[in-house]
Amino acid sequence: MKISLITVTFNSGGTLRDTIQSVLSQTYYDIEYIIVDGHSQDNTVDIIKEYEPLFDGKMRVLSEEDRGIYDAMNQGYALSSGDIVVCFNDVFTENDVVRKMVEKVSSIN
């Protein structure tokens with residue numbers, strides 16, 4: 001089951017590394033990571049470019065002006081191809097959160 005995680009950013013250079021690292025630390029393997037950036041003016045885009053190679057082609061990035069957070073989320077949804085789509089602008093505190101989420105959702109069906 002493919003999971004699309006969407007992070008929306010705007011001038012998030014101070015917190016984005018922690019978010020990206022927590023996604024990279026997940027033990028679940030089938031994650032598509034989408035970052036929609038509102039054309040940040042700080043180092044946000046540089047941080048994204050730094051981490052993008054670590055996702056082995058499983059990261060998609062859109063950086064352009066938007067009409068706010070909900071517009072950015074909708075842009076992320078439009079780019080996503082996962083069976084489950086999650087907007088995620090925080091930090092996973094454990095490395096198996098996505099795996100547990102998939103197990104829980106799979107048990108419902």
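## Helix H3, the cores and a helix pair

What covers the buried residues of helix H3 includes strands E1, E2, E3 (59-63) and E4 (84-87); helices (H or I, at least four residues) and strands (E, at least two) are DSSP runs, numbered from the N terminus. This is a predicted model, in which local features need pLDDT of at least 70, side-chain atom pairs count only at pLDDT 80 or more, and totals for chains, interfaces and linings use all residues. Residues are numbered from 1 along each chain as its sequence is written, and side-chain values use heavy atoms, with hydrogens and water left out.

Within H3 (residues 69-79), Asp-71, Ala-72, Met-73, Gln-75 and Gly-76 are buried, where buried means under 20% relative accessible area (1.4 Å probe, protein chains only).

The largest nonpolar core (buried Ala, Val, Leu, Ile, Met, Phe, Trp, Tyr and Cys residues joined through side-chain atoms within 4.5 Å) has 19 residues, of which Ile-3, Leu-5, Ile-20, Val-23, Tyr-33 and Val-98 touch the most other members. The elements in the table each supply at least two residues of this core.

| Element | Residues |
|---|---|
| Strand E1 | 3-9 |
| Helix H1 | 16-24 |
| Strand E2 | 31-37 |
| Helix H2 | 44-51 |
| Helix H4 | 97-108 |

A second, separate core of six residues includes Ile-6, Val-36, Ala-72 and Met-73.

H1 and H2 pack with their axes (lines fitted to C-alpha atoms over the stretch in contact) 10 Å apart and at an angle of about 20°, which makes H1 roughly parallel to H2, a term for angles under 35 degrees.

Definitions and conventions
Buried means under 20% relative accessible area, exposed over 50%, partly exposed in between (1.4 Å probe, protein chains only). Contact means heavy atoms within 4.5 Å. Axes are lines fitted to C-alpha atoms, for helices over the stretch in contact, and angles run from 0 to 180 degrees between N-to-C directions. Angles under 35 degrees count as roughly parallel, over 145 as roughly antiparallel, 65 to 115 as roughly perpendicular and the rest as oblique.
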